[in-house]
Amino acid sequence: MAIVLTNTLSGRKEALRPRQAGHVRLYWCGVTVYSRAHVGHARFLVTADVLVRYLLARGLGVTFVRNITDVDDKMIRRAAQEGLTVPELAEREIAAFNRDVRRLGCLPPTHEPRATAHIPLMIALVERLVAKGLAYPVPDGSVYFRVRRFPAYGKLSHRRLDDMEAGEEIDAAKEDPHDFALWKGAKPGEPTWPSPWGPGRPGWHLECSAMSAHYLGQPFDIHGGGSDLVFPHHENEIAQSEAGAGMPLADLWVHNGMLTFGADKMSKSLGNVLGIAEATNRFPGEALRLLFFGTHYRAPLDFGPGRLEEAARVLERLYESLARADEAAGRAAAPVAPAGALTGTLSPFLAEFTAAMDDDLNAAKALGLVHDRVREVNRALDGGDRTTAAALRADLARVAAVLGILAEEPARFLAALRAGRTARTGLGEAEIAAAIAERNEARRRKDFRRADAIREDLRARGVLLEDTPSGTVWKPAE
Ligand SMILES: [Zn+2]
């Protein structure tokens, strides 16, 4: 069966047909490195990552390009506020971004081009557009794209030009308010590069057009990004690249949905921006991935209070089952690489998993199958059937490589999780155990006042007790 993805261009699911047999060329818009990446960025990073992992798992080669925008208006403003140069700000934020991406467990892209390292390519594209009469310079040294000369403008966002708001730049020298800047003439204090139109810097849309075609050729197979980039960013990329080269930029345009927080969008002004670093300080990066997989990548995802905590608890339970299976087998399951993980003869479970992922990366359905198999592992272990448990465990290791979750050695993962919890309470594991023992002793004596006092004292220190049939357990108050 073919891998099918929803193409924003057509609004329909379409089969992925790599132009080069067996090899997929993929571009995904990255970040502008002016401030820390947040969980909204995490969603696009994980969506792209699971697509790449899945293509590799199906035995395809992948060239994956994710760019870094290291010069733009926001960066110039932020650098000035902090008394840094734009390159200094970029270096600092790129280092932080790399840490964030590692914590999310994302595979590194094949190429991660920075805009400022590719200025000549961008100038060449603008020159081509000017030569074709599709772009024009204005007196301040900026160059604009003549939107009305590209009749297909609006085909990605399904809008008519006359219904659109004007382009971002307010400039009396523009021929049409919809025209957008390819190149921005120098302003005092801004970083600039020499160009045929005088010193200036590239527009954001231009960067992706120039770098995607450079690393992947044109047309390439898949162009992705967050749905907030459909207009104007991707619409403008299409206009520049397709007008310049006279051929499509990419065959499939794939977009992930945004996060919502209850009824709100995440935004700095609402004060509900959760950084990837903050989220992964408190919870494993895999918990974020698990949370994302519960909703189809194209749909909005509710990141309301408690959802990440809940995902972390589910993740822990899954790891506990795998740890049990490994213990019964007497060894940890061998790690599996993503490449080729779903090739060869597939068990019925893996075939079903593959069918779900083939259908527009339906990770929510695939994840449901994983939960079913983990329950089967538990049942097999309860019944002493180690052979079945081991077979299921081996399948789950292959799936883990595709989703990038449950990929750590369970015993080690759980130990690290517990150590992290203990560290956050500021109490030692032994200290908590001693307090629980003392409380149990008080309860045995029916000294409930003392027992409650111990419970309250622990609660005040961030440790919640829970009495279960198999004894008292604790968890950190999140
Ligand atoms: Zn882009």
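**Parallel strands, a zinc site and helix 13**

In the predicted model, Trp-253 of strand 10 is the bridge partner of His-223, and in the same strand Val-254 is the bridge partner of Gly-224. These pairs belong to the contact between strand 9 (residues 220-226) and strand 10, which pair in the parallel sense over 6 bridges. Strand 10, which spans residues 250-256, has 6 of its 7 residues buried and is therefore largely enclosed by the rest of the structure. Strand 9 is likewise mostly covered, with 7 of its 7 residues buried. Together with helix 6, strands 9 and 10 make a β-α-β unit that is right-handed.

Strand 9 is also joined to strand 3, the two running parallel with 3 bridges between them. Here His-223 of strand 9 stands opposite Tyr-27, so that His-223 has a partner in the pairing with strand 3 as well as Trp-253 in strand 10.

Strand 3 and helix 6 also contribute to the zinc site. The protein donors of the zinc ion are the SG atoms of Cys-29 and Cys-208 and the NE2 atom of His-233, which lie 2.0 to 2.2 Å from the ion. In sequence, these donor residues follow the spacing C-x178-C-x24-H. Because Cys-29 lies in strand 3 (residues 23-32) and His-233 in helix 6 (residues 230-245), the pair ties together parts that are 204 residues apart in sequence. Cys-29 and His-233 are both buried.

Helix 13, formed by residues 410-425, was examined separately. The helix has 16 residues and reaches 23 Å from its first C-alpha to its last, close to the 22 Å expected at 1.5 Å a residue. Its buried residues are Pro-410, Phe-413, Leu-414, Leu-417, Arg-421, Thr-422 and Thr-425. Seen down the axis of helix 13, the buried residues fall within an arc of 165 degrees, and therefore line one face of the helix. On the other side of helix 13, by contrast, Ala-411, Arg-412, Ala-416 and Ala-423 are exposed. The cover over the buried residues of helix 13 includes three helices, namely helix 9 (307-329), helix 12 (386-403) and helix 14 (429-444), together with strand 14 (463-468) and strand 15 (471-476). Just after helix 13, Gly-426 takes a positive phi of about 80 degrees.

How values were computed. Residues numbered from 1 in each chain as written. Predicted model: local features only at pLDDT ≥ 70, side-chain atom pairs only at ≥ 80, totals over all residues. Heavy atoms only, no water. Donors = N, O, S within 2.8 Å, 3.2 Å for Na, K, Ca; no water. Helix = DSSP H or I, 4+ residues; strand = E, 2+ residues; numbered from the N terminus. Buried < 20%, exposed > 50% of the residue type's maximum accessible area, 1.4 Å probe, protein only. Expected span 1.5 Å × (residues − 1). Arc of directions from axis to C-beta. Contact = heavy atoms within 4.5 Å. Pairing = 2+ DSSP bridges. Right-handed = clockwise from strand over helix to strand, strands pointing away.
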